Amino acid sequence: MKKKAISVILSLTMVAAMVAGCGNKTEETSAPQETEAEAPAETPAEAEDTTGGEEADATEGEAAPAGNADLADKKVGVCIYQFSDNFMTLFRTELQNYLVSLGFSADNITISDGANDQATQTGQIDNFITAGVDVLIINPVNSSSAETITDKVVAAGIPLVYINREPDEDEEARWEENNWDVTYVGCDARQSGTFQGELIGDLGLETIDKNGNGKIDYIMVEGDPENIDAQYRTEFSVKALTDAGFEVNCLTDQVGNWAQDQAQQIVANALGQYGNDVEVVFCNNDAMALGALQAIDAAGRKVGEDIYLVGVDALSEALENVISGTMTGTVFNDHFSQSHSAADAAVNYLTGAGNDHYIGCDYVKVTQDNAQEILDMVQ
Ligand code: BGC
């Protein structure tokens, strides 16, 4: 999977209790944060899956594909790995709105919260199958469960669109080989990692290398280690630096599970341990970058002056930080494009048009120069 263990002499400074080191990360295990999680939709059958509530509004300006008159009667089941995830909240809200704009009835769209538990989500998928949904859109809790999920959904004759958490190559190859109505919609996380590395590298060594050791000393805060987005962002952010000729020094690399509170703790500990040697903080997403920023503030450090911080997603709060200079940059993870492509793919299955087995999209690098523009778009 990854690992970039550079020439780090961790043993000299290691404080046993916390750490990890870059080839030996620890995993924080605190419970996932609870945030909002309002959610769209009402369910056709399985009430326990639904949070009820909000009516979806149609998204403006989107052309509905031909044949949409038939969509009003089609039932769509959507499984989200965890409602409290900030990014997936943006994604599912846009997905719901866009499905309605295409002609689906809000009453026929059910969105379930897997609560970050694969067994819970598997039960929800079983319920959707029993309820006879016409198409499933699934953000798996564990990508490694995709084979089992695919088998049961295909056996039930239901087309399947995976989103956000990409199943592995072998699994995707099965869809192709068997000509199943199964696809994946998502962006290539290698690109987001590369953009993160470039955001840092573009600053130049003189700017970043505050301790004057000739290297970029960084800490890495990773998302869920099973998730390919976390793996690739971790690997490619550092690769972009080494490809550009920088020497890098990984002080610590730890798992924050995409969560703000876990990242805050990790970065607070790392700043306590490595002090001013921490020059860069890479976070696999913006929620964790916001947690990192809290720790950086608490330690009396200043982003843009003595430390540099990047995330991914382009959450509004992160964009505001990029604009004000309290984050170095982020990468827009285009939830509009991804949710629209997922809905369009569902329609293509329902109309018989079919889909490729992989539907991609592009990330966008965000600096102070374009952050306002992206903020205007996402708000
Ligand atoms: C996003 C994260 C999110 C994760 C969920 C990633 O693509 O960047 O913010 O937590 O997806 O799987």
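**Figure 1. Helices α9 and α10 pack obliquely in this predicted model.** Helix α9 (residues 260-274) and helix α10 (residues 286-298) pack at an angle of about 40°, and their axes are 7 Å apart; that makes α9 oblique to α10. Helices (H or I, at least four residues) and strands (E, at least two) are DSSP runs, numbered from the N terminus, while axes are lines fitted to C-alpha atoms, for helices over the stretch in contact, with angles running from 0 to 180 degrees between N-to-C directions. Angles under 35 degrees count as roughly parallel, over 145 as roughly antiparallel, 65 to 115 as roughly perpendicular, and the rest as oblique. In passing α10, α9 makes a right-handed crossing, a term for the near helix being turned clockwise from the far one by less than a right angle, whereas an anticlockwise turn is left-handed.

The model is a predicted one, in which local features need pLDDT of at least 70 and side-chain atom pairs count only at pLDDT 80 or more, although totals for chains, interfaces and linings use all residues. Residues are numbered from 1 along each chain as its sequence is written, and side-chain values use heavy atoms, leaving out hydrogens and water.

**Figure 2. The residues where α9 meets α10 include no charged ones.** From α9, Gln 260, Ala 263, Gln 264, Val 267, Ala 268 and Leu 271 take part, and they meet Ala 287, Met 288, Leu 290, Gly 291, Ala 292, Gln 294, Ala 295 and Ile 296 of α10. Contact here means heavy atoms within 4.5 Å. Ten of the residues in the contact of α9 with α10 are nonpolar and four are polar, where Ala, Val, Leu, Ile, Met, Phe, Trp, Tyr, Cys and Pro count as nonpolar, Asp, Glu, Lys and Arg as charged, and the others, Gly among them, as polar.

**Figure 3. Four parallel strands form an open sheet with helices α8 and α9 lying across it.** The strand order is β7-β6-β8-β9, and the edge strands β7 (248-255) and β9 (308-310) each pair on one side only. Two strands pair if DSSP finds at least two bridges between them. From one strand to the next, the twist averages 15°. Strand β6 (residues 216-222) is joined to β7 by seven bridges, with Val 248 in β7 as the bridge partner of Ile 216. Helix α8 (residues 228-243) lies across β6, β7 and β8 (280-283), running at about 165° to β6, and α9 likewise lies across β6, β7 and β8, running at about 140° to β7.

**Figure 4. Six strands form an open sheet in parallel pairing.** The order is β2-β1-β3-β4-β5-β11, with β2 (109-113) and β11 (358-359) as the edge strands, each pairing on one side only. Strands β1 (residues 76-80) and β3 (residues 135-138) run parallel and are joined by four bridges; the bridge partner of Gly 77 in β3 is Leu 136. Helix α3 (residues 118-131) lies across β1, β2 and β3, running at about 180° to β1. Helix α5 (residues 169-178) also packs on the sheet, where it touches β4 (160-163), β5 (182-185) and β11, and its direction makes about 135° with that of β5.

**Figure 5. Helix α4 is roughly parallel to α3 and roughly parallel to α5.** The axes of α3 and α4 are 10 Å apart, and the two helices pack at an angle of about 10°. Gln 118, Gln 121, Thr 122, Ile 125, Asp 126 and Ile 129 of α3 make the contact with Ile 149, Lys 152 and Val 153 of α4, so that by class it holds four nonpolar, three polar and two charged residues. The axes of α4 (residues 146-155) and α5 come within 10 Å and cross at roughly 20°. Ala 146, Glu 147, Thr 150 and Asp 151 of α4 here contact Glu 171, Arg 174 and Trp 175 of α5, a set with two nonpolar, one polar and four charged residues.

**Figure 6. Two stretches of the chain have a pLDDT below 50.** The pLDDT, the predictor's confidence in each residue from 0 to 100, averages 87 over the chain, and 82% of the residues score at least 70. It is below 50 over residues 1-20, a stretch with 55 contacts in the model beyond near neighbours in sequence. Residues 26-67 are also below 50, and this stretch has 100 contacts beyond near neighbours in sequence. Where pLDDT is low, the predicted coordinates should not be read in detail.
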